[in-house]
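Trainee: Could we go through this one together? I'd like to see how each label is earned.

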Amino acid sequence: MFRPVLAKLLLALALSNSVATSLAAGSSAPDVGFAIIKTSQVAVREGMLVPGGSFLKQINSNFSAFLIKHRQDYLLFDTGMGRQIDSQYQQDMPMWLRLFFKYDHPVVSAREQLDKAGLPPLRRVILSHSHWDHASGVLDFPEVKIGVSAPEKDAIDHARSGAATTWPSQVTGAAVQWEILDFKSGPYKGYAQSLDLYQDGTVVLVPMPGHTPGSIGLFVTVDSGAVYFFIGDVAWTQDAVLAGAPKFWAAELLVDKNTSQTLASVTQVRTLQQIASGLVVVPAHDSKVQDALGYFPNWVK
Ligand SMILES: [Zn+2]
């Protein structure tokens, strides 16, 4: 009589362990895949984000972080809005720009969502670029390396208040462990330089200068074989990439460091999209694309 009870107990223990493991890794976590962590959003005029879009109609612009899973390793591409966004905004967003650049409450930071899900610790955070709506959560991850390109680190070293760009409140302080990414892996999908993070071609970074001098993009080839291309703010929407169009002119003036270089980067993405069937371009703020893919804890695999 004792044995069946013990067996049942052991079985229950084994099951609860496996449930805990699968929860920790997310629901049926992939070998290589990603999950979109939406931290906030804001409604904006469609014409600001989509070429030929209406200025009467409003669409959502997302503030997202992208959780990439590579076997036992987790990294974050961008942070979206971090825990301290309200005080950062008060400190560094100039009054006149507060009309144009806003975010909705509640903000649920990537750190909060990851901690709640009980995932294993991240290996590193990598920034597409250091603008305020991408780097807000850097200080939420003091224990991991924050990867940026060398030109972006230069922008970080010159961070200043008074523009909607790189903010001192988010990127200064000895606590941040910067890591300069070395694009040493050779050409990849038409890009002259790349950094193949795991040396297996599944998670690959490429320089995409223009929006900022050090902007980078990320290719992820998931379990199904589909390739996703995270392009940061090179373009704000997939529709803008398809149209090969730059941002609305006023937005361009406010945010793009080098407009002709940005257009060249957009054109390169568009060309790649035309020749690489099945490539899915994921702009950092594109709610239409992200809604279709779903959000953390759901995995794209
Ligand atoms: Zn942005």
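Mentor: Happy to, and keep in mind that this is a predicted model. Start here: which residues of helix H3 (residues 85-92) are buried?

Trainee: Ile-85, Gln-88 and Asp-92. What makes them count as buried?

Mentor: A residue is called buried if 20 or more other C-beta atoms lie within 10 Å of its own. Ile-85, Gln-88 and Asp-92 are classed as buried on that basis.

Trainee: How do you know that the buried residues of H3 line one face of the helix?

Mentor: Look down the axis of H3: the buried residues fall within an arc of 60 degrees, so they line one face. They pack against helix H5 (132-135) and helix H7 (168-171). The face turned away from that buried side carries the exposed residues Asp-86, Ser-87 and Gln-90.

Trainee: Now the sheet. What makes S7 and S11 edge strands?

Mentor: The sheet is open, with five strands in the order S7-S8-S9-S10-S11 and mixed pairing. Strand S7 (195-196) and strand S11 (279-282) each pair on one side only, and that makes them its edges.

Trainee: How do you know that S10 and S11 pair?

Mentor: Pairing needs at least two bridges. Four bridges join strand S10 (residues 227-230) to S11, so the pair qualifies, and the two strands run parallel. Phe-230 stands opposite Val-282 in S11.

Trainee: And which residues touch the most other members of the largest nonpolar core?

Mentor: Phe-34, Phe-66, Leu-67 and Leu-205, out of 61 residues. Strand S1 (residues 32-45) gives the largest share of this core, five residues. Phe-34 has contacts including Phe-66, Leu-67, Val-220 and Val-300.

Notes:
Residues numbered from 1 in each chain as written. Predicted model: local features only at pLDDT ≥ 70, side-chain atom pairs only at ≥ 80, totals over all residues. Buried ≥ 20, exposed ≤ 12 C-beta atoms within 10 Å, placed from the backbone. Arc of directions from axis to C-beta. Contact = placed C-beta atoms within 7 Å. Core = buried A, V, L, I, M, F, W, Y, C linked by C-beta atoms within 7 Å. Lists of a residue's contacts leave out its neighbours within four places in sequence.
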